[in-house]
Amino acid sequence: MRGGKDSDIKEQPWQAAITVYRPRSRAHSFLCGGVLIDSCWVLSAAHCFQEGFAANRVQVILGRTFRLENSSSEQIFEVEKYWIHEQYKDETYDNDIALLKLKSESGLCAVHSPEVLPVCLPDASLKLPDWTECEISGYGKEHEFSPFYSERVKQGHVRLWPQDRCVSDKLAGREVTANMLCAGDTRGLDDACKGDSGGPLVCPSDGRMTLMGLISWGDGCGKPDTPGVYTRVTHYIDWISSKMRSN
């Protein structure tokens with residue numbers, strides 16, 4: 001994350017780190033962020049999985065403040081199966097959403113704790129006012145061209161942009177669809193960056209933090225007057241619940 005502040009996983013206990021096993025290095029390497037929405041279910045961005053990894057190479061780490069350090073509060077899961085949205089488009093990142101099912105023997109996966117807690121999903125009809133202040137988090141890079149991901153989870157604050165300003169000429173000419181929402185820091189300080197993809201944009205609604213977006217793409221990190229682009233979660237509530245019901 002560009003800007004933002006060092007955080008503690010207790011401040012965003014739904015934040016996941018997703019890793020993938022790379023046969024060449026014989027190790028798991030950091031892939032993307034994710035968001036815990038239920039004991040056995042995690043959302044992320046479809047573009048993180050466009051290489052088509054086998055599910056058994058993917059791992060989800062919950063409850064960890066420092067990305068590479070083991071912690072007594074962490075819970076680590078293998079992935080049983082994952083779904084990329086059927087209408088995901090690689091060229092535009094339209095429908096940039098993926099759903100992962102964690103593997104468990106007992107049907108219970110993540111156990112609630114101060115460090116591990118699912119986020120609230122919005123009603124499909126929920127609309128929040130323009131410029132609502134929301135929170136993003138992740139272990140992503142601190143600058144667009146940094147070679148390293150962040151050592152610890154960070155948190156930033158961004159505001160929801162009006163849809164009529166969420167247009168391609170603000171974003172280097174890339175297409176913006178109705179399935180995307182823009183959010184940016186009006187001070188130009190905080191923005192998601194590479195490695196934050198799939199992580200949460202959460203906004204206060206009725207007194208609880210609600211998942212309104214998944215970190216998807218942007219033009220650089222933290223450019224002035226340039227918002228970040230997020231998958232609009234309200235458009236996928238039916239998709240999420242039908243996958244969870246049938247699996």
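Author: A disulfide here is a pair of cysteine sulfur atoms within 2.5 Å. The model is predicted, and that rule can be tried on its cysteines.

Reader: Why does Cys-120 have no bond to the closest cysteine sulfur?
Author: The closest cysteine sulfur belongs to Cys-203, 12 Å away. The cut-off is 2.5 Å, so that is too far for a bond.

Reader: Why does Cys-120 count as partly exposed?
Author: Its relative accessibility is 25%. Buried needs under 20% and exposed needs over 50%, so Cys-120 falls in between.

Reader: How many disulfides does a search of the whole structure find?
Author: Five. Counted along the chain, the bonded cysteines follow the pattern 1-3, 2-4, 5-9, 6-7, 8-10.

Reader: What makes Cys-40 and Cys-109 a disulfide?
Author: Their sulfurs are 2.0 Å apart. That is within 2.5 Å, so the pair qualifies. The link is right-handed, with 95° about the S-S bond. Cys-40 lies in the loop between β3 and β4 (41–44), and Cys-109 in the loop between β7 and β8, so the bond ties together parts that are 69 residues apart in sequence.

Reader: Why is Cys-40 called buried?
Author: Its relative accessible area is 9%. Buried means under 20%, so Cys-40 is buried. Cys-109, at 5%, is buried too.

Reader: How do you know that a disulfide joins Cys-134 to Cys-203?
Author: The S to S distance is 2.0 Å. The limit is 2.5 Å, so the pair passes. With 105° about the S-S bond, the link is right-handed. Cys-134 sits in strand β8 and Cys-203 in strand β11 (residues 200–205), 69 residues apart. Both Cys-134 and Cys-203 are buried.

Reader: What makes Cys-166 and Cys-182 a disulfide?
Author: Their sulfur atoms are 2.1 Å apart. That value is within 2.5 Å, so they count as bonded. This link is right-handed, with 70° about the S-S bond. Cys-166 is in the loop between β9 and β10 and Cys-182 is in strand β10, so the bond ties parts that are 16 residues apart in sequence. Both Cys-166 and Cys-182 are buried.

Reader: How many aromatic pairs does the count come to?
Author: Six. One of them is Phe-30 with Tyr-149.

Reader: Why is the pair of Phe-30 and Tyr-149 called edge-to-face?
Author: The ring centres are 4.8 Å apart, and the planes stand at 65°. Pairing needs centres within 6.5 Å, and edge-to-face needs over 60 degrees, so both tests are met. The pair links distant parts of the chain: Phe-30 is in strand β3 (residues 27–38), while Tyr-149 is in the loop between β8 (133–138) and β9 (154–160), 119 residues apart. Phe-30 and Tyr-149 also form one aromatic cluster with Tyr-139.

Reader: Is Phe-30 buried or exposed?
Author: Buried, at 11% relative accessibility. Tyr-149 has 22%. The cut-off for buried is under 20%, so Tyr-149 is partly exposed.

Reader: Why is the pair of Trp-131 and Trp-161 called tilted?
Author: The planes meet at 50°, and the ring centres are 6.1 Å apart. Stacked needs under 30 degrees and edge-to-face over 60, so this pair is tilted. Trp-131 lies in the loop between β7 (98–102) and β8, and Trp-161 in the loop between β9 and β10 (180–184), so the pair ties together parts that are 30 residues apart in sequence. Trp-161 is buried at 8%, whereas Trp-131 is partly exposed at 30%.

Reader: What makes Arg-165 count as lying over the face of Trp-161?
Author: Arg-165 is 5.0 Å from the ring centre. The distance limit is 6 Å, so that part of the test is met. Lys-141 offers another case: its charged end sits over the ring of Tyr-149, 5.3 Å from the centre.

Reader: What is the phi of Arg-26?
Author: Positive, about 55°, although Arg-26 is not a glycine. Arg-26 is placed in the loop between β2 (15–22) and β3. Its relative accessibility is 70%, over the 50% mark, so Arg-26 is exposed.

Reader: Where does Tyr-93 lie?
Author: In the loop between β6 (75–84) and β7. Tyr-93 also has a positive phi, about 65°, and is not a glycine. At 17%, under the 20% mark, Tyr-93 counts as buried.

Reader: Which residues does the UniProt annotation "domain: Peptidase S1" cover?
Author: Residues 1–245, according to the unreviewed entry. Over residues 1–245 the chain is 4% helix and 35% strand.

Definitions and conventions: Residues numbered from 1 in each chain as written. Predicted model: local features only at pLDDT ≥ 70, side-chain atom pairs only at ≥ 80, totals over all residues. Heavy atoms only, no water. Helix = DSSP H or I, 4+ residues; strand = E, 2+ residues; numbered from the N terminus. Buried < 20%, exposed > 50% of the residue type's maximum accessible area, 1.4 Å probe, protein only. Lys NZ or Arg CZ within 6 Å of the ring centre and 35° of its normal. UniProt positions renumbered as here; feature names shortened; annotations may be inferred.
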